[in-house]
Amino acid sequence: MNGNTDLWLFSRTLNTERSFFKSNQIPTIRMAGRGSVRASGNFNANQDAETLYKAMKGLGTDEDSIIKLLTSRSNSQRQQIKAAYKTLHGKDLVGDLQGELGGKFETLVVALMTPPILYDVTLLRNAIKGAGTDEKVLIEILSSRTAQQVKDITAAYRQEFDADLEEDVTGDTSGHFRRLLVILLQASRQQGVQEGNIETDAQTLFSAGEKNYGTDEDQFITILGNRSAEHLRRVFAAYMKLAGYEMEESVKRETSGGLRDLLLAVVKCARSVPGYFAETLYHSMKGAGTDDQTLIRVMVSRSEVDMLDIRADYRRLFAKSLHSAIQGDTSGDYRKALLLLCGGNDA
């Protein structure tokens with residue numbers, strides 16, 4: 001699908017579906033406190049609603065005021081602003097923003113105005129129900145979200161679309177890739193570290209791939225899909241001693257296609273979720289052109305969660321700051337908003 005068309009469709013889809021989503025039933029995500037965006041201490045929803053109204057009133061739009069305000073409020077506060085705006089002016093704030101803004105900047109602002117769970121749910125729905133399957137979105141969300149978030153997403157998906165997320169995923173995917181997605185959707189990884197199984201799991205993975213001719217994908221799927229992140233980190237260390245390869249190297253050699261991409265994401269998230277997203281952001285801006293869908297998705301969804309850690313990992317992994325990468329790869333109001341979500345330059 002064409003990138004610009006996808007971005008436009010996404011913002012329009014959210015605007016259409018928002019009216020059906022009961023805001024008082026949206027699950028609350030407990031933020032990790034490592035976000036670049038935090039709740040404003042001197043918050044007044046009515047005052048903010050008036051600021052946004054004035055920014056869009058009359059000829060021309062004060063984009064700077066919109067950017068500054070929305071990127072300095074938490075998502076929860078933005079929902080209160082949205083409610084205040086409707087009470088004061090009898091109009092939908094997001095609808096008005098869409099009428100004044102355009103392109104990638106509009107898509108980013110709509111994403112910022114969307115409750116986190118609804119954002120994930122809508123991304124997944126579009127990934128499944130659009131023309132073809134957007135495996136990248138399925139992989140990113142289901143490999144990186146916590147067990148509780150996956151459970152909340154599944155419940156919200158049913159509420160929003162009157163459909164079963166697992167059924168929709170299985171109807172749109174196949175093979176080993178589908179099997180691992182279904183396991184991740186169960187959100188039932190074992191807890192803690194099973195000391196007695198570390199060496200056994202490492203040996204099983206070695207036998208399933210590097211040790212023998214051919215690959216037993218089922219063993220990779222079962223172990224990587226069901227063990228805790230803490231346990232897997234210990235298994236990876238044992239595997240390295242046994243096989244002489246990092247787990248990522250073996251996954252790349254032993255698997256292919258969507259399964260390989262999903263297994264790699266699972267392994268990377270087990271090691272470090274911020275590290276995984278730092279790498280995802282790097283690839284979204286690497287080479288000719290920018291993967292704006294991925295850039296927006298990650299910057300918005302991680303801004304209140306672990307953006308500070310993502311920035312640190314980006315600097316460590318790629319010897320440049322995330323801030324400088326965004327500055328060099330984007331422009332205009334879109335760039336201004338992204339840089340504020342980034343929250344600082346680690347040059």
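These legends describe three close-up views of a predicted model.

**View 1. Surroundings of Thr 173, a residue in the loop between α10 and α11.** Helix α10 covers residues 165-172, and helix α11 covers residues 175-186. Thr 173 has a relative accessibility of 10% and therefore counts as buried, the limit for that term being under 20%. The side chain of Thr 173 reaches back to Val 169, where the backbone oxygen is 2.7 Å away. Leaving aside residues up to four places away in sequence, Thr 173 touches Thr 133, Leu 138, Arg 178 and Leu 181.

**View 2. Domain 1 and domain 2 of the chain.** The domain assignment places residues 195-271 in domain 1 and residues 273-342 in domain 2. The C-alpha centres of domain 1 and domain 2 are 28 Å apart.

**View 3. Cys 269 and Cys 342, with no disulfide between them.** A disulfide joins the sulfur atoms of two cysteines by a covalent bond. Zero disulfides are found when the whole structure is searched. For Cys 269, the closest cysteine sulfur belongs to Cys 342 and lies 19 Å away, so the two are too far apart for a bond. Cys 342 likewise takes part in no disulfide, its nearest cysteine sulfur being that of Cys 269. Cys 269 is buried, with a relative accessible area of 8%. Cys 342 is also buried, and its relative accessible area is 0%.

How values were computed: Residues are numbered from 1 along each chain as its sequence is written. This is a predicted model: local features need pLDDT of at least 70, side-chain atom pairs count only at pLDDT 80 or more; totals for chains, interfaces and linings use all residues. Side-chain values use heavy atoms; hydrogens and water are left out. Helices (H or I, at least four residues) and strands (E, at least two) are DSSP runs, numbered from the N terminus. Buried means under 20% relative accessible area, exposed over 50%, partly exposed in between (1.4 Å probe, protein chains only). A polar contact is a pair of N or O atoms within 3.5 Å; within protein, one must be able to donate a hydrogen and the other to accept it, and residues adjacent in sequence count only if both atoms are side-chain atoms. Contact means heavy atoms within 4.5 Å. Domain bounds come from an automatic or database domain assignment. A disulfide is a pair of cysteine sulfur atoms within 2.5 Å.
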